[in-house]
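Please consider how the strands and helices of the following model are arranged with respect to one another. The explanation begins with a convention on helix crossings and then proceeds from helix pairs to sheets.

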Amino acid sequence: MAAIRRVFEFDGFRADLGDHLLYRGEGQVTLTPKAFDTLAALLERHGQVVEKDELLARVWPGTFVEEATLTQNVYTLRKVLADAGASRNWIETVPKRGYRFVAPVVEIAPKEPAAAPLSPLGSPAAAETPRLALRLRIALLIAVGLAGIAAVWHSTRPGAGSSPPAALHGTVRSLAVLPFEPLRLGAPLSVEEDAYLGLGMADALITRLSNLKSLAVRPTSSVRRYNGTGRDLAGIARELKVDAVLDGSFQRDGDRLRVSVQLVAASDSAPLWAAQYDARAAGLFELQDAISQKLAAELNLELTRQEWARLSEHGTENPQAYEHYARGRYFWNRRNATSLEQAIASFRQAIALDPAYAPAWAGLADCYVLLPLYANEPPVRAFPEALAAAERALALDPELAEARTSRAYAHFVYERRYDEAEAGFRRAIATKPGYSTAHQWYAFLLSALGRHEDAEAEARRALELDPLSLIVNADLGMVLQFGRKTEAAISQLERTLELDPSFSYARFGLGHAYQQQGRLEAAVAELRRAVEAARGTTALQAALGQALARTGRPADREEAQLILRELEKRAKSEYVDPSHPALIRAGLGEKTAALRELAQAVEERSRFVVFLQSWSLFDDLRGEAGWEELVRTAGLEVRP
């Protein structure tokens, strides 16, 4: 005798539990099997609270699944019902307990729906749409990604009532993840190990969450300053201009790791969600999966299949490789010659342990593109290494925005393949819109090509994404200078120096802006401060030398010539970009020699020559014999 099928009707819907089918009127509504199982469990107990543990056991029998998966499943079910015409949300959340189906429900004798095409096994599965197949793969991915945690987690969401706080219903669209604070209850780590582990855990979450187009996440460069500091969370949120802050702490005891996280609203410092995770240290990846996926579910973010996949991508399954990678990112964010060498060593150690670790290859590329600027490394040695590392990263992960950005930057300043560089930046931004570095470097390309309004828009977008970054703030000032908006540039650079008065690059930009205005004494004074703050940087010495030479005072010209001789002496024992002495010669009126050195800079792939047409530091040479040929050799269009 055939089993009796149960059929329920509510709000114009009919759910046939026997055939696993949902109808709205005479049309079929597509649901994933797990979402339908959730609906069936709620319908059978309509009007009553169905506990979370009961739902997990019913929908995923015999499988360890995080509560985040259930939350996402309920969210999907609510959305499908709403899209199909439900008059309201009938699934009520009962805080800390479970869910209740509150619609009027009538159980009826089964009606015979139109026959569904059967698979060879006699089920309708083969007729499911490609969209359903994608949802099934998403559910499997989430379940597998969360199953590896080696202990339990506990989650709370403060507040009474049947619905989550309003902030979790779509108003949290920008987030800062702070470096995790160490709690020294187990074997103590060194201060540096604490720092890079805490920052590394934050960086891993930032990397994952930054792939979500519906959420703006502040980059690691913005939050690293809060490493080891007191936690005025509301103040930090205001500084970073975000809706909420994710604060975390961790403690180790042998091979055990306990991590606590809380999501705090910027508006009133109210906790929106908190959780605690216990795992073995070897389960760090699964723990990061759990936090990022749970947070995405709590924020009710609508994610694509690719975005869900990115939330559980580790890049490596080797914990030691990940540890070296985290150390590399910690050093890379310091942005000086010594730390870049340390970062390169760390990334190479990660790659030695896992040659297929794409983010480590991308980290290596990020280091090499910066070496000529921070360590006076010859471009012909650094950039081929950067390109090779970026290509390797993209061969392993074609959608890795960081690698695509570094490759585009190398195409821009080293190979001067401007069209390819622009395509690379645009692809990186399309893949990861919240990656501020892509917008920042793309802005410089647009400035070099004379597209100043577009450049300013990209630079401002980078600043929106990373409002406290010193380099992003200063680069907006430089972009404004390239567009000859000198007053605006000065204001922007002054704001940058309010963040950090010792930042030499901002002082260099400010001095150059004063020179662009014709305020040479102010320019000299500011550039002296820049040189003092960054001893040994030849680009700053060259800018000071040019400003001194242009004042017309004999003593200043003599000092400019002294700086020029010093650069010539240094060039005999270390690399000095030929464009740097050329700037001083241009100020001294030695234009033929300056053009000769700039031609050498073009040949040596100096990053400065791409700005020949935009930078006012080269204004003294415009119109000279040989200038137009030099510009064309650099691959640029000659402009008035």
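A crossing of two helices is called left-handed if the near helix is turned anticlockwise from the far one by less than a right angle, and right-handed if it is turned clockwise. By this convention, α14 passes α16 in a left-handed crossing. The model to which this applies is a predicted one.

Helix α14 comprises residues 401-415 and helix α16 residues 436-448; they pack at an angle of about 15 degrees, and their axes lie 10 Å apart. Angles under 35 degrees count as roughly parallel, and α14 and α16 are therefore roughly parallel to each other. On the α14 side, the contact involves Thr405, Ser406, Tyr409 and Phe412. These residues meet Thr437, Ala438, Trp441, Phe444, Leu445 and Ala448 of α16.

A second helix pair is formed by α10 (residues 319-332) and α11 (residues 337-353), whose axes are 8 Å apart and whose packing angle is about 165 degrees. Since angles over 145 degrees count as roughly antiparallel, α10 and α11 are roughly antiparallel to each other. The crossing of α10 past α11 is left-handed. Among the residues of α10 that make the contact are Ala321, His324, Tyr325, Gly328, Phe331 and Trp332. The residues contributed by α11 include Ser339, Leu340, Ala343, Phe347, Ala350 and Leu353.

The sheets may now be considered. Five strands form an open sheet in the order β4-β3-β2-β1-β8, and their pairing is antiparallel. Which strands stand at the edges of this sheet? They are β4 (27-29) and β8; each has a single partner strand, so one side of each is left without a neighbour in the sheet. On average, neighbouring strands here are turned by 30 degrees against each other, direction ignored.

The sheet can be followed strand by strand. From the β4 edge, three bridges join β4 to strand β3 (residues 21-24), and the two run antiparallel. In this pair, Arg24 stands opposite Gly27 of β4. Strand β3 is in turn joined to β2 by four bridges, again in the antiparallel sense, with Leu21 of β3 as the bridge partner of Asp16. β2 and β3 form a hairpin with four residues between them, and His20 in the turn has a positive phi of about 60 degrees.

Strand β2 (residues 13-16) also pairs with strand β1 (residues 7-10), antiparallel and over four bridges. Two of the bridge partnerships are Phe8 with Ala15 and Glu9 with Arg14. This hairpin has two residues between its strands, and Asp11 in the turn has a positive phi of about 45 degrees. At the other edge, three bridges join β1 to strand β8 (residues 106-108), which run antiparallel. Glu9 has Val106 as its bridge partner in β8.

Is β2 covered on one face or on both? Both faces are covered: Phe13 and Ala15 are buried on one side, and Arg14 and Asp16 are buried on the other. In a regular strand the side chains alternate between the two faces of the sheet.

A further open sheet has three strands in the order β5-β7-β6, with antiparallel pairing. β5 (49-51) and β6 (91-94) stand at its edges, each with a single partner strand, so one side of each lacks a neighbour in the sheet. The twist from one strand to the next averages 30 degrees. Four bridges join β6 to strand β7 (residues 98-101), and these strands run antiparallel. One of the bridge partnerships links Ile91 with Phe101 in β7.

Two helices pack on this three-stranded sheet. Helix α2 touches β5 and β7, and its direction makes about 65 degrees with that of β5. Helix α1 (residues 33-44) lies across β5, β6 and β7, and runs at about 65 degrees to β7. α1 also packs on the five-stranded sheet, where it touches β1, β2 and β3; its direction makes about 85 degrees with that of β1. Helix α1 thus has contacts in both sheets.

Finally, which residues of helix α2 (residues 52-59) are buried? They are Lys52, Leu55, Leu56 and Val59. Seen down the axis of α2, these buried residues fall within an arc of 100 degrees, so they line one face of the helix. An α-helix has 3.6 residues a turn, so residues three or four places apart point the same way.

Technical notes. Residues numbered from 1 in each chain as written. Predicted model: local features only at pLDDT ≥ 70, side-chain atom pairs only at ≥ 80, totals over all residues. Heavy atoms only, no water. Buried < 20%, exposed > 50% of the residue type's maximum accessible area, 1.4 Å probe, protein only. Arc of directions from axis to C-beta. Pairing = 2+ DSSP bridges. Axes fitted to C-alpha atoms, helices over the stretch in contact; angles between N-to-C directions. Contact = heavy atoms within 4.5 Å. Parallel < 35°, antiparallel > 145°, perpendicular 65-115°, else oblique.
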